[in-house]
Amino acid sequence: KKDKVQIIKDVPSTLPTVHGDPQLIIQLLYHLLMNALKFTHQGQVSISVTPNARNKCLDITVEDTGIGISKHSINRVFEAF
């Protein structure tokens, strides 16, 4: 059973153009958000986007109050699946 999970969005109304594969960017964001929601039974999931002019990119952060990743699994986070 899930208790109430609050979703917080901190995204400016205008952002610079991002160069990349739109489908892959959407897929990446979808997976990050769905994973955060899957393991957050109460609390919040937040996404924030900040323009990074120095590096000419966007900084995207997804945070949650979920159970986290075990020490045993942390090394597998960036492995291809």
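# A tour of the chain, from fold to pocket

Begin with the whole chain in cartoon view, where the elements run β-α-β-β from the N terminus on, and where one helix and three strands can be picked out; both kinds of element are DSSP runs numbered from the N terminus, helices being H or I of at least four residues and strands E of at least two. This is a predicted model, in which local features need pLDDT of at least 70 and side-chain atom pairs count only at pLDDT 80 or more, while totals for chains, interfaces and linings use all residues. Residues are numbered from 1 along each chain as its sequence is written, and side-chain values use heavy atoms, with hydrogens and water left out.

Still with everything selected, display the C-alpha atoms, which fill a box of roughly 40 × 30 × 25 Å along the principal axes. Colouring by accessibility brings up the buried residues, which make up 10% of the 81 residues in the chain (buried means under 20% relative accessible area, exposed over 50%, and partly exposed in between, with a 1.4 Å probe and protein chains only).

Next select strand 2, residues 43–52, and within it serine 46, which counts as buried because its relative accessibility is 12%. Show its surroundings: leaving aside residues up to four places away in sequence, serine 46 touches Ile8, Thr61, Val62 and Glu63, a contact being heavy atoms within 4.5 Å.

Now move to valine 77, in the segment after strand 3 (57–64), which at 39% relative accessibility counts as partly exposed. Add Ile69, Ile74 and Phe78 to the selection, and the four side chains together give a nonpolar surface patch of about 450 Å². Such patches take residues with over 30% relative accessible area and no salt bridge, joining like charges within 9 Å and nonpolar side chains (Val, Leu, Ile, Met, Phe, Trp, Tyr) within 5 Å; a salt bridge is a side-chain nitrogen of Lys or Arg within 4 Å of a carboxyl oxygen of Asp or Glu, and accessible areas come from the Shrake-Rupley method with a 1.4 Å probe, only the protein chains shown counting as cover for residues.

Keep Val77 and Ile69 selected and add His31, Leu32 and Asn35, since these five lie nearest the centre of the largest pocket among its 23 lining residues. A pocket is an open set of points on a 1 Å grid over the protein atoms alone, where a 1.4 Å probe fits, with protein on both sides within 12 Å along at least five of seven lines, and lining residues have an atom within 4 Å of a point. Finish on helix 1, which gives the most to this lining, with seven residues.
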